[in-house]
Structures are given as structure tokens and as C-alpha cells.
Amino acid sequence: MEPTIDGFDRHRVPVADGVTLTAAVGGSGPPVVLLHGFPQTHLMWRHVAADLAADHTVVCPDLRGYGDSDKPVEDGPGTYSKRTMAGDIVALAKSLGHDRFALAGHDRGALVAFRAGLDHPDVITHLACLDVLPTLDMWEALHGTAAAVGFHLYLMAQPAGLPEKMIAACADEFFGHFLDVWAHDPEAVPAEIRAAYLRACRDAVPSIVADYRASAGIDVDHDRADRAAGNRLAMPVTVLQQDWGTALGFEAATLWGAWAADLRHATVSCGHFMAEEAPADIAKALRDLLVR
């Protein structure tokens with residue numbers, strides 16, 4: 001049996017033509033949507049979601065192309081653009097009865113959340129992004145041998161065909177590599193959860209690659225257009241990160257500050273999988289955000 005978030009119900013919600021998302025929904029109160037990262041599913045939020053559900057309605061979807069959500073064939077750069085994926089999340093929340101909601105994302109989910117905040121400022125009330133830079137800033141920060149940490153970004157940026165074949169040939173080893181090297185506490189991702197992540201990724205190689213490919217193309221174009229127009233996030237924003245800047249030579253708070261006027265930035269002492277390695281700290285940071 002696949003693991004679940006205790007006390008949460010499973011919903012299948014159409015969000016676009018031919019695309020349905022699967023989401024775990026629990027609790028009651030003001031709505032909060034939590035978006036997972038790579039190489040994970042909505043299960044990464046299991047501890048934080050249970051905490052927040054005490055006084056919030058918590059929605060944890062699998063993103064388009066991941067987990068149990070639909071995986072449309074990439075038929076152009078927009079299929080897995082963060083603009084498209086952000087639209088999915090707004091449509092999901094609306095279908096569940098939430099015209100406005102707080103949004104938090106980790107890793108890939110944080111990029112979707114960032115785009116949702118820019119594209120839907122009247123819908124997103126509060127925004128939290130965990131352990132990423134905005135796409136445009138990320139590419140500008142990667143340089144020299146230190147950028148080897150992001151080798152997967154360059155691999156999956158290649159034209160369709162080769163990266164999918166390479167990754168599918170050793171899918172468990174490829175996705176498992178990130179679960180191993182990015183976690184400071186290996187026990188934070190127990191065996192049954194790790195197995196669920198690997199199964200989900202193994203079944204979604206083309207769509208995961210398409211998501212990353214979009215981040216090397218159309219997503220950069222969208223960020224660049226917003227930067228040129230001076231568009232910024234209008235809602236309160238919390239950013240939690242490891243200290244990637246020391247290794248890669250950037251100041252994360254400064255980069256994020258260019259996008260958000262009302263920003264709280266903090267460095268968290270744990271591995272990349274923050275919601276699993278330090279769930280109490282993440283839940284507290286989200287609660288602090290929600291009262292701003």
C-alpha cells in the first residue's frame with residue numbers, strides 16, 4: 001500500500017484541458033497549498049501538513065508531471081512552463097472552493113509558487129519558497145566548477161531524447177543519488193517514503209525532464225520579462241534556504257530582495273529536504289508567515 005498523509009483525503013481535480021491533478025486535502029480553516037520538490041511527491045509535506053491542518057485547510061498536490069497527477073506529453077515549451085503549472089494550482093484551489101490562498105513550495109514547487117505569486121497576485125495571499133533561487137537568478141549564479149552540483153540542470157536542459165534515455169536507463173540510481181547527497185539526515189526519508197519517491201520518478205522520467213527543460217528556456221524568458229518590467233511579489237514572502245551562496249558566490253537574500261518588498265529570509269541548518277529534516281522549524285516559519 002502506498003504511504004499517505006494521516007487524516008488527509010485524496011482528490012482528483014481537473015485543472016486544464018486533459019490534465020487532472022491528485023491532491024491530499026485535510027484540516028479546516030484558512031487555505032494553505034503546499035507544493036513538493038524534486039525528486040519527491042506531495043508526501044514530503046506529511047509532517048508539516050499534519051501540523052498546519054490543526055487550524056488550516058491544507059492542500060498538497062502532486063505537480064503536473066509528478067506522482068499521481070497527469071503527465072501530458074510535452075508538445076511545446078509551454079506544457080511544463082512554471083506559468084502553466086502555476087495556473088494548474090490556481091485552478092485546483094478554485095475547484096476546491098478557495099479563490100485566495102497561501103502558497104508554499106520547495107525546490108521545483110517553489111519555482112511554481114514564485115511564478116504563481118507574480119502571475120496571480122490577487123489570488124496568492126502569502127508566499128514561502130524553500131531552498132531555491134528564482135530561475136533566472138539560479139542560472140546566473142551557476143558558474144565554474146562549483147556549478148557541478150547542478151549537473152542535472154544541464155543534463156535535463158538538452159533537447160528531447162537523450163536525457164530521457166540516459167535517466168530511464170538507471171532511474172533509481174539517478175533519482176536516488178539526490179536523495180542521498182542532498183540530505184543531511186538520511187533517516188528523515190524512511191525506506192517506505194524513499195521507495196514511493198523512486199517509484200513515482202521512475203514512472204515520470206519524460207515529464208520530469210520536460211519540467212527541467214522548461215526551466216532552461218521559457219521560464220527564463222518569463223522571469224526576464226518580469227525583471228525588465230519591474231514586477232515584484234506583492235504579498236508577504238518568506239524564503240528559507242541552506243547557505244548555497246557561500247559555495248556558489250552569491251548573496252541569496254539580496255537576490256530575493258530584488259523580487260520581494262516584504263521579505264523575510266533565513267538560513268536553515270539542515271539538508272535540502274527541509275520539510276522532512278526540520279519539520280517543526282518549517283511549520284513554525286510558515287505559521288509566522290501566515291500572520292503577517
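What follows is a chat about the sheet, the helices on it and the empty spaces in this predicted model.

Biologist: Let's start with the sheet. What makes it open, and in what order do the strands run?

Modeller: Eight strands line up as β1-β2-β4-β3-β5-β6-β7-β8, with mixed pairing. The edges are β1 (9-16) and β8 (263-267), and each has a single partner strand, so one side of each is left without a neighbour in the sheet. From one strand to the next, the twist averages 20 degrees.

Biologist: How do you know that β5 and β6 count as partners?

Modeller: Pairing takes at least two bridges between the strands. Strand β5 (residues 101-106) and strand β6 (residues 124-130) have five bridges, in the parallel sense, so the pair qualifies. If you want a spot to look at, H106 stands opposite L130 in β6.

Biologist: What makes you say that helix α14 packs on the sheet?

Modeller: Contact needs heavy atoms within 4.5 Å, and α14 (residues 279-290) touches β3, β5, β6, β7 (237-241) and β8. Its direction makes about 150 degrees with that of β6. Helix α2 (residues 82-95) lies across β1, β2 (19-27), β3 (31-35), β4 (57-61) and β5, at about 120 degrees to β1.

Biologist: Now the empty spaces. Why is one of about 390 Å³ called a cavity, and what lines it?

Modeller: In a cavity a 1.4 Å probe fits but cannot get out, which is why the word applies here. This one, the largest cavity, has a volume of about 390 Å³. Its lining has 20 residues, with D131, V132, M138, L153 and W244 nearest the centre. Two or more residues come from each of α3 (108-119), α4 (135-141), α5 (151-156) and α11 (244-248). By class the lining divides into 13 nonpolar, four polar and three charged.

Biologist: What about the second largest cavity: how big is it, and which residues line it?

Modeller: About 50 Å³. The cut-off for the count is 30 Å³ or more, and three cavities pass. The lining is K82, L111, F114, R115, T135, D219, H222 and D223, with α3 and α10 (218-229) each giving two or more. Four of these residues are charged, two polar and two nonpolar.

Biologist: And why is the space of about 360 Å³ a pocket?

Modeller: A pocket is an open set of points, whereas a probe in a cavity cannot get out, so the two words are kept apart. The largest pocket has 21 lining residues, and E2, P3, H42, D62 and D68 are the closest to its centre. β1, β2 and α8 (191-202) each supply at least two. The classes are eight nonpolar, five polar and eight charged.

Methods. Residues numbered from 1 in each chain as written. Predicted model: local features only at pLDDT ≥ 70, side-chain atom pairs only at ≥ 80, totals over all residues. Heavy atoms only, no water. Helix = DSSP H or I, 4+ residues; strand = E, 2+ residues; numbered from the N terminus. Axes fitted to C-alpha atoms, helices over the stretch in contact; angles between N-to-C directions. 1 Å grid on protein atoms, 1.4 Å probe; cavity = no way out; pocket = protein on both sides within 12 Å on 5 of 7 lines; lining within 4 Å. Nonpolar A, V, L, I, M, F, W, Y, C, P; charged D, E, K, R; others polar. Points joined across faces, edges and corners; volume = space filled by probe spheres on them.
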